[in-house]
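Colleague: I have a chain on screen and some questions about its fold. Can we go through it piece by piece?

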Amino acid sequence: MLAKRIPQPRQSDGVQKKQIGGATIYLADAFALMPDLGDVDCIITDPPYNAKTHKGARSAKSLAASQIDFDSITEAQFIEFCGNAVAQARRWVVMSCAWQHAAELEKAGVPLVRLGVWTKKNAAPQFTGDRPGVGWEAVAILHREGKKHWYGGGRHAVWACNVEHGDHPTQKPLPLLLDWVTKFTDPGETILDPFMGSATTGVACLKLGRKFIGIEKRPDYFELAHVRLAAACHPFIGTKRKHPIDGQELIFSPEG
Ligand SMILES: C[S@@+](CC[C@H](N)C(=O)[O-])C[C@H]1O[C@@H](n2cnc3c(N)ncnc32)[C@H](O)[C@@H]1O
């Protein structure tokens, strides 16, 4: 059993931080910053997958090259992250992940409560046509020792919903995250997503009255997260409108 967090160098200084309503986001490396954040109620996240999955991610637009432009993580990094996450979260740790990584959790002593699936109703086909396509992703559900509760009753850990295409190459569907936040967390709790990307978890948290902490190491995705979170707080942000009287174009930016 992984009982203690693996110590990491502390790194709060010099990281960029923004506050948007009930969300606090950091431009930083998650492995370095997480120990500085202290305990949170739940972690809901979507870490990078393994190298094979990243390499094989093709879209109809880019058949030759992978559509994923951020680094994969190794099995060892994934296991280290999960051990630390279970020690940091008072309750659930829920994440989509590479099934090859999820399969190693029990052997590594990480308390996997359930392995679930997200089936993609509109998944991309197998473009080569020479084998069946992959229409699902693994969902690892972890919890430290002790009493557990969720708001799904006897339901299965099976989620079926459409893939959504956004400005982030692996943006998760908002309905999926709204459901995870509703079922695994309570209003007012603090939810951490250490691999925030465009902050779909954060948008779900703000819409459902949870506090959110997000970490992203790429400046372009950090800015995208900022815009989406600001839009979740204020419906006009990120949009263009015509002034009702003089017809001038108004652009609503998150900087106000
Ligand atoms: C799978 S994506 C998350 C997508 C997100 N769920 C969404 O809906 O937009 C993983 C993200 O983690 C970021 N990332 C990778 N390694 C990181 C690290 N060590 N610290 C912080 N962010 C990291 C990547 O840049 C990427 O944006």
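**The sheet and its surroundings**

Modeller: This is a predicted model. An open sheet of nine strands, with mixed pairing, follows the order 1-2-9-8-3-4-6-5-7.

Colleague: Which are the edge strands?

Modeller: An edge strand pairs on one side only. Two strands fit that description. They are strand 1 (16–20) and strand 7 (158–161).

Colleague: What does the twist average from one strand to the next?

Modeller: The order of the sheet is 1-2-9-8-3-4-6-5-7. From one strand to the next, the twist averages 20°.

Colleague: Which residue in strand 2 stands opposite Lys-17?

Modeller: Strand 1 and strand 2 (residues 23–27) run antiparallel and are joined by five bridges. Opposite Lys-17, in strand 2, stands Tyr-26.

Colleague: What angle does the direction of helix 3 make with that of strand 4?

Modeller: Helix 3 (residues 75–88) packs on the sheet. It touches strand 3 (42–45), strand 4 (92–97), strand 6 (136–143) and strand 8 (190–193). Its direction and that of strand 4 make an angle of about 155°.

Colleague: How many residues of strand 4 are buried?

Modeller: Take the two faces in turn. Trp-92, Val-94 and Ser-96 are buried on one side. Val-93, Met-95 and Cys-97 are buried on the other. Strand 4 is therefore largely enclosed by the rest of the structure, its buried residues numbering six of the six.

Colleague: Which residue stands opposite Cys-97 in strand 6?

Modeller: Strand 4 pairs with strand 3 in the parallel sense over three bridges, and Ile-43 stands opposite Val-93 there. Strand 4 and strand 6 run antiparallel, joined by six bridges. In strand 6, the residue opposite Cys-97 is Ala-138.

**Buried and exposed parts**

Colleague: Which helix is among what covers the buried residues of helix 5?

Modeller: Helix 5 (residues 174–184) has buried residues that include Leu-174, Leu-177, Trp-180 and Phe-184. Their cover includes strand 3, strand 4, strand 5 (112–120), strand 6 and strand 7. The cover also includes helix 6 (200–207).

Colleague: Which residues make the nonpolar surface patch?

Modeller: Trp-136 lies in strand 6. Its relative accessibility is 35%, so it counts as partly exposed. The patch covers about 340 Å² and is made by Trp-99, Val-134 and Trp-136.

Colleague: Is Ala-199 buried or exposed?

Modeller: Ala-199 sits in the loop between strand 8 and helix 6. Its phi is positive, about 70°, although Ala-199 is not a glycine. Buried means under 20% relative accessible area. Ala-199 has 0%, so it is buried.

**Salt bridges**

Colleague: How many residues apart are Glu-223 and Lys-18?

Modeller: Glu-223 forms a salt bridge with Lys-18, the closest N and O atoms being 3.2 Å apart. The pair links distant parts of the chain, with Glu-223 in helix 7 (residues 219–233) and Lys-18 in strand 1. Their separation in the chain is 205 residues.

Colleague: Is Arg-90 buried or partly exposed?

Modeller: Arg-90 and Asp-41 meet through their side chains in a salt bridge (2.7 Å, N to O). Asp-41 lies in the loop between helix 1 (30–33) and strand 3, and Arg-90 in the loop between helix 3 and strand 4. Asp-41 is buried at 15% relative accessible area. Arg-90 has 41% relative accessibility, so it counts as partly exposed.

Colleague: Which residues are joined into one network by salt bridges that share partners?

Modeller: Start with the salt bridge in which the side chains of Lys-172 and Asp-46 meet (3.0 Å, N to O). Lys-172 is in the loop between strand 7 and helix 5, and Asp-46 is in the loop between strand 3 and helix 2 (51–56). Salt bridges that share partners make one network of Asp-46, Lys-120, Glu-137 and Lys-172.

**The whole chain**

Colleague: What percentage of the residues of the chain count as buried?

Modeller: The chain has seven helices and eleven strands. It exposes about 13100 Å², and carbon and sulfur atoms supply 55% of that. Of its 256 residues, the share that count as buried is 46%.

Conventions
Residues numbered from 1 in each chain as written. Predicted model: local features only at pLDDT ≥ 70, side-chain atom pairs only at ≥ 80, totals over all residues. Heavy atoms only, no water. Pairing = 2+ DSSP bridges. Helix = DSSP H or I, 4+ residues; strand = E, 2+ residues; numbered from the N terminus. Axes fitted to C-alpha atoms, helices over the stretch in contact; angles between N-to-C directions. Contact = heavy atoms within 4.5 Å. Patch = residues over 30% accessible without salt bridge, like charges linked within 9 Å, V, L, I, M, F, W, Y side chains within 5 Å. Areas by Shrake-Rupley, 256 points an atom, 1.4 Å probe, with all protein chains shown as cover. Salt bridge = Lys/Arg side-chain N within 4 Å of Asp/Glu carboxyl O. Buried < 20%, exposed > 50% of the residue type's maximum accessible area, 1.4 Å probe, protein only.
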